[in-house]
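This report introduces one molecular structure to a reader who has not met it before. Please keep the sequence and the structure in view while reading.

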Amino acid sequence: MSPLLPNYLRTLRMRWGLTQPELASLLGVTESALSKFETQALAPTKNLILGIEVIFGQTAREVFPALYAQAERNVMRRAAVFSSRLEQRRDAASLLKRRFVAEMIQRAEVDNKHL
Amino acid sequence: MNARYKHGLVLAVHPTSRGFGWVLFESPLSPVDWGMASVKAKRSARSLARFERLLTRYEPKVVVFEQFSERPARRANRIRELCRRMIALAGSRGIYTPIYSRESIRDCFESSGAKTRRDIALSIAEQIEVFRRRLPRERKRWDSEDVRQSLFDAVALALTYFAVNTRGPVRSKI
C-alpha cells in the first residue's frame, strides 16, 4: 500500500470481502463508529489500531499512513531539540544518545525517500 | 514519489442507466476502493452528487471516462449529458480527464484474448483477485445487464489508462 490515502481501513475490509458489521464485531466497535473511522470523521483509537494489526497483520504505518506521518513529524521535531541539547556534552552516555537520535532521523529519511 | 505511484489516485467511472460503477486505483493492478452508485430517482442529479462526493473524498489526479459522444459510442442522451457534466466538474478542480474509446479498451486487452465486455471482465477477475467474487454471471439474451458489469467497465477503463501511460497492453491470458 502507498501513502496516497490517509487510511486503508476500507480497502482492507473490502479486499477480504468483509462487511462493516462483520469487521465492527471483530474489532468490538459499533458499525457507526467503524464507518466514521473509515471516512476519518473519527480519529482512530489505540484499540482500533492494534485490533487492525491483529486482524489484518498489517502495521499502523501501512494502514494509517497519514496518522503515522503526523506522529513521525512530531517525534522528529522533538528529536531535533533533544539532539541540539546533547551537542555540548562529551560524556559516553550523551554520545550514545546522539548516535541513537541520528540513526532514528536517518531511518525516517530513508523510509520517506520514496515520497 | 516513486514511479509506482506517479499517477496519483486514478478514478474511473462508468455511468449506466441505473447509476455508475467506479473504481479508484493508486497504481496499476492496485485498487484501493470501488463500488456501484445506485440511483433511482433524479438519476443525473444524484449521480453527479455522488461523483462530487468521490472527488471531494479522494481528490484523484485523474478521472477516466469511456467515449460517450462520438460514434461508434451509443449512449443515451441523459448519459451523454451526465458524462459532460462530470467532466466539467472534474475539470473545474484541475483533474485530468482522459477519455478512451471501446476500441482502445479492446486493444489494451487484446493480448489476453479478450474481445467482448464479458471476456474483459473475466480477464480483470483473473488479474485482480478482489474482483473475482464480483464477477456477474454470464448474461443470457433475455437478461438485463447486471449492475456489477459497470464496475468491470470502470476497471477496464482504469487499466487502459495505466496501459496507455505506462507499460503497454494488459497481458494475462483469460
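The sections below describe a sheet, a hairpin and a nonpolar core in a predicted model.

## The sheet of chain B

Five strands of chain B make up an open sheet, arranged in the order S3-S2-S1-S4-S5 with mixed pairing. Its edge strands are S3 and S5 of chain B, the latter covering residues 99-100, and each of the two pairs on one side only.

At the S5 edge, strand S4 (residues 62-66) of chain B runs parallel to S5(B), and two bridges join them. Within this pairing, B:Glu66 has B:Tyr100 of S5(B) as its bridge partner.

## The hairpin at the other edge

Strand S2 of chain B spans residues 19-27 and pairs with strand S3 of chain B, residues 30-38, in the antiparallel sense; eight bridges connect the two. One of the partnerships links B:Leu24 with B:Asp33 in S3(B).

Two residues lie between the strands of this hairpin, where B:Leu29 adopts a positive phi near 65 degrees.

## The nonpolar core

The largest nonpolar core comprises 59 residues. Helix H5 of chain B, residues 148-167, supplies the largest share of this core, with 11 residues. The residues with the most contacts inside the core include B:Leu11, B:Val13, B:Val23, B:Val64 and B:Val155.

Which residues is B:Val13 in contact with, leaving aside its neighbours within four places in sequence? The contacts of B:Val13 are B:Phe20, B:Trp22, B:Phe51, B:Val63, B:Phe65, B:Met86 and B:Ala154.

Definitions and conventions
Residues numbered from 1 in each chain as written. Chains lettered and ligands numbered in written order. Predicted model: local features only at pLDDT ≥ 70, side-chain atom pairs only at ≥ 80, totals over all residues. Pairing = 2+ DSSP bridges. Helix = DSSP H or I, 4+ residues; strand = E, 2+ residues; numbered from the N terminus. Core = buried A, V, L, I, M, F, W, Y, C linked by C-beta atoms within 7 Å. Buried ≥ 20, exposed ≤ 12 C-beta atoms within 10 Å, placed from the backbone. Contact = placed C-beta atoms within 7 Å.
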